[in-house]
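Q: I am new to this structure and would like a close look at one part of it. Please start with the enclosed spaces and work outward from there.

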Amino acid sequence: MADFDIVALGEPLVELNQTSQDQLQYLQGFGGDTSNAVIAAARQGARCAYLTRVGDDAFGAQFLALWQAEGVDTSGVEVDAQAHTGLYFVQHGPDGHAFSYLRRGSAASLMTPASLAGGLIERARFLHVSGISLAISTSACDTVFAAMARARAAGVQVSLDSNLRLRLWPLDRARAILREALCHADLFLPSMDDMQHLTGNDDPERTLDWIRDAGAPGVVVLKLGKDGSIIDDGKTRTPVAALRVDAVDATGAGDCFAGSLLARRCQGDGWVDAVRYANVAAALSTLGYGAVNPLPRAEQVLAKLKR
């Protein structure tokens, strides 16, 4: 039996989230896509660990305390005395939320394959990685590919979230690297928004065809936002409806989806039940500000599913 259900690898970022569209007031929180996902998974009852690097600063210490409080193993977290912990701002307006980042030279961006030396990946059922970690630096990109190779060699399933951020890299490079990465994933979690950039079309069926033609070997769950998700297992394509809510802040909703889906798969759910659960968890996560605080716990999701 594996020691962990999910080991995630990536970049944590301190979050300063605007709480009013009329005034520049910010609430400090925590973010970073794979960190959000692993916390979401832990809140659903999964046994989790995180691989990353933080600065030897107040924010790095806060992250370590957060993960430990959430029950996420931190033995794979390196503390860098020479680099800072990354930071981002979220601002809200009529067109949705906008992000501003202070991440260049962050401790996480300086990760290398040597950061994987602790052997956590081999002790997991799933390794979860994302397009952001592929994009933040060349060494981080190398680290993600090394982590996927180690996982596959050990029989650990690989989960990849597309999380395309074009501020971080040119579209052609993003397309090339994500196409290569998805070929190593047992589970690929693209969003329709990301895939419109990568494929140039807005049709889910054609998008799934593109992903399969690119060589995706495993299950693909295409996220359609308020329209739910489509599961493509290589044989059939199954739509799963979303839970409609009056969203306040969608920051981290896709990460909540990923972590919740992986947690439920580890707890024995079939794909449709796991995706339905993840859709509800993601919807509930949009009812408060910030990426982490609104992440629901299992009892909240289960209560909503019973209605």
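Q: Which element gives the largest share of the lining of the largest cavity?

A: Strand β3 does, with 3 residues. A word of caution comes before the details: this is a predicted model.

Start with the cavity itself. The largest cavity holds about 40 Å³ of space. Its lining is made up of Glu15, Asn17, Leu27, Gly29, Phe30, Tyr289, Gly290, Ala291, Val292 and Asn293. Two elements give two or more residues each to this lining: β2 (13-18) and β3 (26-31). By class, the lining has 5 nonpolar, 4 polar and 1 charged residues.

The count of cavities of 30 Å³ or more comes to 2. The second largest cavity has a volume of about 30 Å³. Leu9, Leu51, Thr52, Arg53, Gly76, Glu78, Met111 and Ser115 line the second largest cavity. Here the elements with two or more lining residues are β4 (48-55) and β5 (72-80). β4 gives the most, 3 residues. The classes in this lining are 3 nonpolar, 3 polar and 2 charged.

Two residues of that lining, Leu9 and Met111, lead on to helix α4. Both are in contact with threonine 143, as are Thr112, Pro113 and Leu116, leaving aside neighbours within four places in sequence. Threonine 143 sits in α4 (residues 138-153). Its relative accessible area is 0%, so threonine 143 counts as buried.

Alanine 151 belongs to α4 too. It is also buried, again with a relative accessible area of 0%. Not counting residues up to four places away in sequence, alanine 151 touches Ile121, Leu127, Val156 and Val158. The C-alpha atoms of alanine 151 and aspartate 186 are separated by 11 Å, and these two residues lie 35 apart along the chain.

Now turn to the pockets. The largest pocket has a volume of about 1,400 Å³. It is lined by 45 residues. Nearest its centre lie His97, Asp193, Ala250, Ala253 and Gly254. Five elements each supply at least two lining residues: α1 (33-43), β7 (96-102), α6 (192-199), α8 (253-266) and α9 (271-285). The lining divides into 19 nonpolar, 14 polar and 12 charged residues.

The second largest pocket holds about 330 Å³ of space. Of its 15 lining residues, Arg103, Arg104, Ile136, Arg167 and Leu168 are the closest to its centre. By class, the lining of the second largest pocket has 6 nonpolar, 4 polar and 5 charged residues.

Two helices from the lining of the largest pocket deserve a second look. Take α1. In this helix 11 of the 11 residues are buried, so α1 is largely enclosed by the rest of the structure. Among them are Asp33, Asn36 and Arg43, along with Val38 and Ile39. After α1 comes glycine 45, whose phi is positive, near 100°.

Then α9. It has 15 residues and reaches 21 Å from its first C-alpha to its last. That is close to the 21 Å expected at 1.5 Å a residue. In α9, 11 of the 15 residues are buried, so this helix is largely enclosed by the rest of the structure. The buried residues include Val275, Tyr277, Asn279, Val280 and Leu284. What do the buried residues of α9 pack against? They pack against β11, β12, β13 (237-240), α8 and α10 (298-305).

That brings in strand β11 (residues 219-223). Here 5 of the 5 residues are buried, so β11 is largely enclosed by the rest of the structure. Both of its faces are covered. Val219, Val221 and Lys223 are buried on one side, and Val220 and Leu222 on the other.

β11 also has strand partners. Strand β10 (residues 187-189) runs parallel to β11, joined to it by 2 bridges. Leucine 187 has valine 219 of β11 as its bridge partner. Strand β12 (residues 229-232) pairs with β11 in the antiparallel sense over 4 bridges. There, valine 220 is partnered by aspartate 232 of β12. β11 and β12 form a hairpin with 5 residues between them. In the turn, glycine 225 has a positive phi of about 65°.

Notes: Residues are numbered from 1 along each chain as its sequence is written. This is a predicted model: local features need pLDDT of at least 70, side-chain atom pairs count only at pLDDT 80 or more; totals for chains, interfaces and linings use all residues. Side-chain values use heavy atoms; hydrogens and water are left out. On a 1 Å grid over the protein atoms alone, a cavity is a set of points where a 1.4 Å probe fits but cannot get out, and a pocket is an open set with protein on both sides within 12 Å along at least five of seven lines; lining residues have an atom within 4 Å of a point. Grid points are joined across faces, edges and corners, and a volume is the space filled by probe spheres set on the points. Ala, Val, Leu, Ile, Met, Phe, Trp, Tyr, Cys and Pro count as nonpolar, Asp, Glu, Lys and Arg as charged, and the others, Gly among them, as polar. Buried means under 20% relative accessible area, exposed over 50%, partly exposed in between (1.4 Å probe, protein chains only). Two strands pair if DSSP finds at least two bridges between them. The expected span of a helix is 1.5 Å times one less than its number of residues. Contact means heavy atoms within 4.5 Å.
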